[in-house]
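Please open the model in a viewer and keep the selection panel at hand. The tour proceeds by selections, each followed by a description of what is found there.

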Amino acid sequence: MAEPRPVLVLQHVPWERPGLIGDALATAGVPLVARTVVDRPSCDLPPARDLAGLVVMGGPMNADDDVRHPGLAVERRLLAEAVDAGVPVLGVCLGMQLLARALGAAVHPGRASEIGFAPVDVRGEDPVLAPLGGRPTVLHWHGDAADLPSGATLLASSHLTPVQAFRAGSALGLQFHLEVDPPLLATWLAQPVMTAELDGQRAPTPAVLADQGAATLPSLVPAARIGLASFAALVLAAG
């Protein structure tokens, strides 16, 4: 019997792990391969046809910063190839922005940095978002924003960020962080690179974010697990 094809998880910094996404894939029995290629443009990645799925996580860099992070161009090419091949794709935060760029849309500074737990308005039907309800409170942590790719379906928006989620064929982009559970949030709040982004702007303090997480995640995480299980089911079918 042939080995099942893996899901490739592209990370940009160690602390932005797949979290609940990885849990959903592990529960489904899908093998994961994690790689960090953002600064390694010559790194060989498997072709999309050899993958059961592709997950691209967040990070502090700009989606177009190929000069300082030349591996981003490699990621965008693989994302475009995966969508063309019908491979299930999930892009989160920077991963969503890279997906949007790979599909020809612009990425630019947002109206303002959006950090903390706040609602999004769900505007389209999708099995990953359906368990969250019509106006879930989710974790935001971004300064850039992406336009909606041509032909994509807008799934969620917020006052500051018109494109919070979209689907384009086999690919789902999420600007917000559905992967975060309490241990992962604690990791972020202990990471100086992350907490430095909270200084000098209208953003919650680490203590406020911790309190917001304690109030929000107990109800959000179970719904997120159900939604992400639907992504894992697509991957399992593709594998």
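A crossover is called right-handed if, with the strands pointing away from the viewer, the path from the first strand over the helix to the second runs clockwise. The model on display is predicted, and the tour begins with a unit to which that definition applies.

**The β-α-β unit**

Select β3, helix α2 (residues 71–85) and β4: together they make a right-handed β-α-β unit. Strand β4 covers residues 89–92, and its pairing with β3 is parallel, over three bridges. Within this pairing, Val-55 stands opposite Leu-90 of β4.

Now add strand β1, residues 7–10, which also pairs with β3 in the parallel sense, here over four bridges. Leu-10 has Val-56 of β3 as its bridge partner.

**Strand β3 from both sides**

Keep residues 53–56, which form β3, and show their side chains. In a regular strand, side chains alternate between the two faces of the sheet. Are the two faces of β3 covered or uncovered? Both are covered: Gly-53 and Val-55 are buried on one side, and Leu-54 and Val-56 are buried on the other.

**The whole sheet**

Next, extend the selection to the open sheet of eight strands, in the order β2-β1-β3-β4-β10-β9-β8-β6. The pairing in this sheet is mixed. Which strands stand at the edges? They are β2 (32–35) and β6 (121–122); each has a single partner strand, so one side of each lacks a neighbour in the sheet.

**From β4 into α3**

Return to β4 and move on to Cys-93, in the loop between β4 and α3 (94–102). The phi angle of Cys-93 is near 60 degrees, a positive value in a residue other than glycine. Is Cys-93 buried or exposed? Its relative accessible area is 5%; buried means under 20%, so Cys-93 is buried.

Select α3 itself, which is mostly covered, with seven of its nine residues buried. These buried residues are Leu-94, Gly-95, Met-96, Gln-97, Leu-98, Leu-99 and Ala-100. After α3 comes Gly-104, where phi is positive, near 95 degrees.

**The aromatic pair**

A search of the whole structure finds one aromatic pair. Select Trp-141 and Trp-188: their ring centres are 5.7 Å apart and their planes stand at 85 degrees, so the pair is edge-to-face. What does the pair tie together? Trp-141 belongs to strand β7 (residues 137–146) and Trp-188 to helix α4 (residues 182–189), so the contact ties together parts that are 47 residues apart in sequence. Both Trp-141 and Trp-188 are buried.

**Helices α4 and α6**

Keep α4 in view and add helix α6, residues 206–238. How do α4 and α6 pack? Their angle is about 165 degrees and their axes are 10 Å apart. Angles over 145 degrees count as roughly antiparallel, and α4 and α6 are therefore roughly antiparallel to each other. The crossing of these two helices, α4 and α6, is right-handed.

**Ile-226**

The final selection is Ile-226, which lies in α6. Is Ile-226 buried or exposed? Its relative accessible area is 54%; exposed means over 50%, so Ile-226 is exposed. Add Leu-129 and draw a distance between the two C-alpha atoms: Ile-226 and Leu-129 are separated by 9.2 Å there, and by 97 residues along the chain.

Terms used. Residues are numbered from 1 along each chain as its sequence is written. This is a predicted model: local features need pLDDT of at least 70, side-chain atom pairs count only at pLDDT 80 or more; totals for chains, interfaces and linings use all residues. Side-chain values use heavy atoms; hydrogens and water are left out. Buried means under 20% relative accessible area, exposed over 50%, partly exposed in between (1.4 Å probe, protein chains only). Two strands pair if DSSP finds at least two bridges between them. Rings of Phe, Tyr and Trp (its six-membered ring) pair if their centres lie within 6.5 Å; planes under 30 degrees apart count as stacked, over 60 as edge-to-face and the rest as tilted. Axes are lines fitted to C-alpha atoms, for helices over the stretch in contact, and angles run from 0 to 180 degrees between N-to-C directions. Angles under 35 degrees count as roughly parallel, over 145 as roughly antiparallel, 65 to 115 as roughly perpendicular and the rest as oblique. A crossing is left-handed if the near helix is turned anticlockwise from the far one by less than a right angle, and right-handed if clockwise.
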